Amino acid sequence: MKRSRLLWGSVVILALAVLLYVFRGRIHFNVHSFVAEIRHVSLGHVAVGVGLIYACFWLRSMRWALFLKPQKQVSAGAVLGSQFIGFTAVGLFGRLADLTRPYLIAKRTKLSVSSQIAVYTVERMFDLGAAALIFSAALAFMPKTPPMPHAEVIAKLGRNSLIGTMALAIFAVVLRVTGEPVARFAQLVVSAKVGASVAEKIRGFRDGLQVLGGFKDFAYAAALSLGMWGLIALAYVQSVHAFVDTPQLAQMSFGQTMLLMASSIAASMVQLPVIGWFSQIGVLATAMVLLFGVDAPVATACGTVILVVTSLSVTPVGLIYAQVERVSLKTVAEESSQSAESVGAE
């Protein structure tokens with residue numbers, strides 16, 4: 001597992017290096033200009049963005065408590081610290097620490113690690129669906145002014161993504177209700193070996209959705225997910241609008257900002273320790289230069305602010321929670337990875 005993640009991380013970094021090399025003639029970086037841009041950032045916008053991200057953690061904790069309801073009744077406050085510690089671990093140690101949250105919550109609630117990894121999997125599904133829905137809708141209905149390169153292509157991509165997201169949501173509901181018949185049908189229409197594998201994945205997907213007690217819980221989880229990702233999207237907008245002296249950023253629309261959010265999410269999927277910060281900033285800066293014609297120093301400064309607001313701003317609270325709960329971030333990151341591997345081997 002670790003080797004696979006490191007491999008994918010290396011691929012992302014290599015792809016970023018190639019991208020920067022190809023467009024090196026259009027990207028001119030100046031350290032003094034970068035520092036000057038950081039000094040002119042509106043702290044008011046940054047503070048609002050950080051506040052939105054912190055509000056997201058409460059919604060995320062409420063959603064995890066909802067997912068736990070069939071197993072154990074817990075409050076959102078009971079899992080809030082684990083959320084901050086988990087995301088702090090990811091920020092410091094990369095995606096190798098991604099399972100810190102389910103591991104810590106399993107220890108706190110005295111439930112099995114495997115049950116919390118199942119909750120984590122369902123959480124990721126709701127995150128992906130909510131982010132895709134907001135992204136798709138924003139692009140599909142993005143205003144045509146101010147003009148931007150490939151506007152029609154982007155709008156078409158948004159419409160197709162919106163249709164695809166809705167189709168996946170319907171498919172998930174169908175599997176939740178009729179997972180077993182679908183699994184059996186899959187075994188009949190393809191070869192025995194492939195059919196067995198597909199059926200096993202369908203059943204696993206269905207079992208993961210069992211953390212939801214019914215349609216009411218599903219709708220509540222969906223509402224929490226959309227609210228949370230709506231706040232995250234607004235935090236991106238605030239981070240961009242903090243550059244009040246740069247018209248391309250200060251006047252950037254919600255739909256345009258969603259292109260940056262999508263770039264950031266893609267870059268963070270295989271985030272490596274510390275190096276991932278720079279690769280994420282590089283991807284964001286490259287997107288701003290190529291899509292919106294922002295100068296490289298300004299784009300890099302904006303990418304840095306986005307990273308700090310949406311990711312690193314939770315680190316101080318995460319470290320405080322770790323001290324209060326006497327948790328070693330490095331130790332718990334390693335233990336969670338080992339525990340996940342043992343669960344996968346069962």
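In the predicted model, helix α3 (residues 43–68) packs against helix α13 (residues 296–310) at an angle of about 40°, and the two axes lie 8 Å apart. Because angles from 35 to 65 degrees fall outside the parallel and perpendicular classes, α3 and α13 are oblique to each other. On the α3 side the contact is made by V46, G49, V50 and I53, which meet V305, V309 and T310 of α13. Sorted by class, this contact of α3 with α13 comprises 5 nonpolar and 2 polar residues, with no charged residues.

Helix α13 was examined further for its length and its surroundings. With 15 residues at 1.5 Å a residue, α13 should span 21 Å, and its end C-alpha atoms are indeed 21 Å apart, so that expectation and model agree. Of these 15 residues, 13 are buried, and α13 is therefore largely enclosed by the rest of the structure.

The same helix also contributes to the largest nonpolar core, since α3, α4 (76–93), α6, α9 (215–241), α11 (254–268), α12 (275–292) and α13 each supply at least two residues of this core. The core contains 47 residues, of which W229, I232, F243, L249, L260 and M288 touch the most other members. For F243, the contacts beyond four places away in sequence are with E37, V41, L249, A250, V298, A301, C302 and V305; V305 is also one of the α13 residues that meet α3. Apart from this core lies another, of 14 residues, which includes L66, F67, I105 and V119. In soluble globular proteins, nonpolar side chains tend to be buried together.

Backbone geometry was considered next. Most residues other than glycine have a negative phi. Against this background, K110, although not a glycine, has a positive phi of about 60°, and R326, likewise a residue other than glycine, has a positive phi near 55°. Both residues are found in loops: K110 lies between α5 (100–109) and α6 (113–140), while R326 lies between α14 (315–324) and α15 (329–345). With regard to solvent, K110 has a relative accessibility of 71% and, since the threshold is over 50%, therefore counts as exposed. R326 is exposed as well, with a relative accessible area of 79%.

Key: Residues are numbered from 1 along each chain as its sequence is written. This is a predicted model: local features need pLDDT of at least 70, side-chain atom pairs count only at pLDDT 80 or more; totals for chains, interfaces and linings use all residues. Side-chain values use heavy atoms; hydrogens and water are left out. Helices (H or I, at least four residues) and strands (E, at least two) are DSSP runs, numbered from the N terminus. Buried means under 20% relative accessible area, exposed over 50%, partly exposed in between (1.4 Å probe, protein chains only). Axes are lines fitted to C-alpha atoms, for helices over the stretch in contact, and angles run from 0 to 180 degrees between N-to-C directions. Angles under 35 degrees count as roughly parallel, over 145 as roughly antiparallel, 65 to 115 as roughly perpendicular and the rest as oblique. Contact means heavy atoms within 4.5 Å. Ala, Val, Leu, Ile, Met, Phe, Trp, Tyr, Cys and Pro count as nonpolar, Asp, Glu, Lys and Arg as charged, and the others, Gly among them, as polar. The expected span of a helix is 1.5 Å times one less than its number of residues. A nonpolar core is a set of buried Ala, Val, Leu, Ile, Met, Phe, Trp, Tyr and Cys residues joined through side-chain atoms within 4.5 Å.
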